[in-house]
Amino acid sequence: MSRTALRICPLCEATCGLTLTIEGTRVTSARGDRDDVFSNGFICPKGASFGAVDGDPDRLRTPLVRRDGELREATWTEAFDAVAAGLRPVVERHGPHAVGMVLGNPNVHTMAGALYPTVLLAALGTRSLFTASTVDQMPKHVSSGLLFGDANAIPVPDLDHTDHLLLIGANPLESNGSLCTAPDFPGKLKALKARGGTLTVIDPRRTRTAKLADRHLAIRPGTDALLLAAMAQVLFEEGLVDLGGLSPHVQGIDELRDAVRDFTPESVEAACDVDAALVRTLARELAAAPTAAVYARIGSCTVPHGTLASWLVDVLNILTGNLDRPGGALFPQAATDRTPRPAGPGRGFALGRWHSRVSRHPEAKGELPLSALAEEIDTATDEGTPVRALITVAANPVLSAPDGDRLDKALDSLDFMVSVDPYLNETSRNADVVLPPPPPSQSPHHDFAFNTLAVRNQVRYSRPAVPLEPGRMAETEILARLTLAVTGMHGADPSAVDDLVIGQTLGKAVQEPHSPVHGRDPEELAAQLAGESGPERRLDLMLRLGPYGDGFGAHPEGLGLERLLAHPHGIDLGPLRPRLPQPLKTRSGKIELLPQPIADDLLRLRRAAAERPTGLVLVGRRHLRSNNSWMHNVPALTGGTNRCTVQVHPEDAERLGLRDGEPVRVKGAGGEVTAPAEVTDGVRRGVVSIPHGWGHDRPGTRLSHASTDPGVNVNQLLDGSLLDPLSGNAVLNGVPVELSPLG
């Protein structure tokens, strides 16, 4: 007999509400939850395939431990015994920095990934942290940190109310949005146009999003920062700057005017391949719109000037008075945010507090570049010990980082490696222990990270739709036990980790004068927490201390877990609202328009204005049905247009003797790959596009469907040497490549 259950989709950043149909313990179908307060029934192909993702027969069901060179099934006790025996000696012999940690993108899609890695990292005490952020979004974190004093204070476009939207390097009709959590992003763009608004898309590819636009500019890849700087120069030159209500919160306007003075539209025209008159038109239209928002994503982050481009996005929103304004770009307020502190100066944001051992890359937001992981393992220096052990959580850097061949060899040389992963993939196949979490239907869900980026304030929580299968272990318990194993507390009750966090959080809260529980007894407060597990108690704690919380009785109508459970479709907390100056944590307490690291890096951008690349350059792409590499193992999410091909413009194909559908050799600094050519005018001349996440042809994996159509690893074309210097983000777009027919 079938039943239904509600579940928030964890497969992309849109976080849509689902209604699952379940027969026994198997999810047989998924449809949009029409009563969900945020997604209102919207669903994409990934959400509709929830059952297939959840029930993938290649998902590991028991731990694997390497014995006599082979990964073999083991009990949970045996697995954690092996972890403790493998990691502790490395820490004791070489120190904590010899243990690295890699966190993959799926971590932000789970409760466990949000609640436990920071605890594990702090307990381990290592600075060798690498995450997917440095092949994706770190430039936005760094620019926000420098502008606003908080690397996580990222404004999002008010999609439901804006009159003018400028999208750069973003394709939300395929991605469903990124660093901008918005169910039915396509519908919101269509609604913008229906109400008379304007959509402009800047992208070297004519994407599905670009086809929807009123104007599409096929810019030369990697030159976004030059175009944006020129737009800022026009605003100053033509007297179009109007800070509006932002004036009391901004400093450095005169210095910014001087800094962008040389970036005239004429000076960047040739580098960007965008007519100077059109650049002026873009700036004028942005300034003239009743409300407007500039939004940029991965295409503008994974380039040589990613931090400058991310900074200039917010600069344009500020100069036109559209930051922190309805219809512009605003700061969301999540229900689990910390108790809002009074506005005023903060500690600010610092870069380079430590550096990588080999290439001396500065840390950003506590992370080192993922591109540097291989050399941190395989290269000896006079300073410090190489990474000798590694913990990966939901990560596949062999495919997601540059030069996977080198990294693959480096992983094989480690003293010990443990992977928390549901699959034996291109990375976890190197592990000594693999700890598989259960499928999403058997896990609770709350979007801690994505609600801080949502286009409407709301809060939702899903308990497991299916009971935990016998023999499985909750991911929250896996990470708690892993924390205990690496800190010498192997075998202790995993609830000790949650109790420790709760005690520390309440201990600080009762000492803060602005806290609703100031002066109260932490133990008495802890006893009041609701929830069936440690993670639920921690969620309850965060809700009750958060900006909408009940404050443990201080605000009786406020939020807590019990109230949230009484609203299974979620609670709407209203549209985005102006919040300045409260989010600012700079030392001045103001938006610091021209931080010194940005000012220094503008010298490099000026040199780029004189560059005239002549050869082919590479850009990536994604597909609506493919978010991460593991999704290629689900038949419902592959095939059709979701193929690993080399897109090339017809004129380039004719010049190079390439034929549609025939194999083409692509060569870059890191190696070469061969894939079918797809001749299309959907890319501009001089641009080659290959999707990311493919390359499922390495032995020792258990990805039966993905291996039937493996594709190629586009990141093997990169040698890892190209980084945005401020953020350490890998340069994945706009890099030179050579094409030739295979024959």
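Over the ring of which residue does the charged end of R544 sit, and at what distance from its centre? The ring is that of F552, and the distance from its centre is 4.2 Å. The model in which this contact occurs is a predicted one. A second contact of this kind involves R538, which lies over the face of Y116 at 4.9 Å from the ring centre.

Contacts between rings come next. A pair of aromatic rings is described by the distance of the centres and the angle of the planes. Rings count as a pair if their centres lie within 6.5 Å, and the count comes to three aromatic pairs. One of them joins W76 and F80: the ring centres are 6.2 Å apart and the planes meet at 25°, so the pair is stacked, the cut-off for stacking being under 30 degrees. Both residues belong to helix 3, which covers residues 76-94, and they are four residues apart, about one turn of the helix. Are these two residues buried or exposed? W76 has a relative accessibility of 13% and therefore counts as buried, since the limit for that class is under 20%. F80 is also buried, with a relative accessible area of 4%.

F148 and F331 form an aromatic pair as well, and this one is edge-to-face, with 5.2 Å from centre to centre and 85° between the planes. The two residues are 183 apart in the chain, and the pair links distant parts of it. F148 is in helix 6 (residues 138-148), while F331 is in the loop between strand 14 (329-330) and helix 16 (373-378). F148 is buried, with a relative accessible area of 0%, and F331 is buried at 3%.

Helix 3, which holds the stacked pair, can be checked for its length. At 1.5 Å a residue, its 19 residues should span 27 Å, and the C-alpha atoms at its ends are 27 Å apart, so the two values agree. Besides W76 and F80, the buried residues of helix 3 include A79, A82, V83, A84 and G86. L87, V90 and V91 are also among the buried residues of this helix. The helix is followed by G95, whose phi is positive, near 95°.

Positive phi values also occur at residues other than glycine. R360 is not a glycine, yet its phi is positive at about 60°. R360 lies in the loop between strand 14 and helix 16, the loop that also holds F331. With a relative accessibility of 39%, R360 counts as partly exposed. D403, again not a glycine, has a positive phi of about 55°. This residue lies in the loop between helix 17 (397-400) and helix 18 (404-412). Its relative accessibility is 15%, so D403 counts as buried.

Another backbone feature is found at L580 and P581, which are joined by a cis peptide bond with omega of about 10°. P581 is located in the loop between strand 19 (571-575) and strand 20 (591-592).

The next topic is internal space. How many cavities of 30 Å³ or more does a search of the whole structure find? The search finds four, and the largest has a volume of about 100 Å³. The largest cavity is lined by 13 residues, of which K140, I154, P155, Y295 and A296 are the closest to its centre. Strand 8 (156-157), strand 13 (293-296) and helix 15 (306-319) each supply at least two residues of this lining. What is the make-up of the lining by class? The lining of the largest cavity has 10 nonpolar, one polar and two charged residues.

Two C-alpha distances complete the account. D709 is found in the loop between strand 25 (687-689) and strand 26 (735-741), and at 44% relative accessibility it counts as partly exposed. The C-alpha atoms of D709 and N633 are separated by 9.6 Å, with the residues 76 apart along the chain. V459 lies in strand 18, residues 456-459, and is buried, with a relative accessible area of 0%. V459 and P513 are 54 residues apart along the chain, and their C-alpha atoms are separated by 26 Å.

Conventions
Residues are numbered from 1 along each chain as its sequence is written. This is a predicted model: local features need pLDDT of at least 70, side-chain atom pairs count only at pLDDT 80 or more; totals for chains, interfaces and linings use all residues. Side-chain values use heavy atoms; hydrogens and water are left out. Rings of Phe, Tyr and Trp (its six-membered ring) pair if their centres lie within 6.5 Å; planes under 30 degrees apart count as stacked, over 60 as edge-to-face and the rest as tilted. Buried means under 20% relative accessible area, exposed over 50%, partly exposed in between (1.4 Å probe, protein chains only). A charge sits over a ring if NZ of Lys or CZ of Arg is within 6 Å of the ring centre and within 35 degrees of the ring normal. On a 1 Å grid over the protein atoms alone, a cavity is a set of points where a 1.4 Å probe fits but cannot get out, and a pocket is an open set with protein on both sides within 12 Å along at least five of seven lines; lining residues have an atom within 4 Å of a point. Grid points are joined across faces, edges and corners, and a volume is the space filled by probe spheres set on the points. Ala, Val, Leu, Ile, Met, Phe, Trp, Tyr, Cys and Pro count as nonpolar, Asp, Glu, Lys and Arg as charged, and the others, Gly among them, as polar. The expected span of a helix is 1.5 Å times one less than its number of residues.
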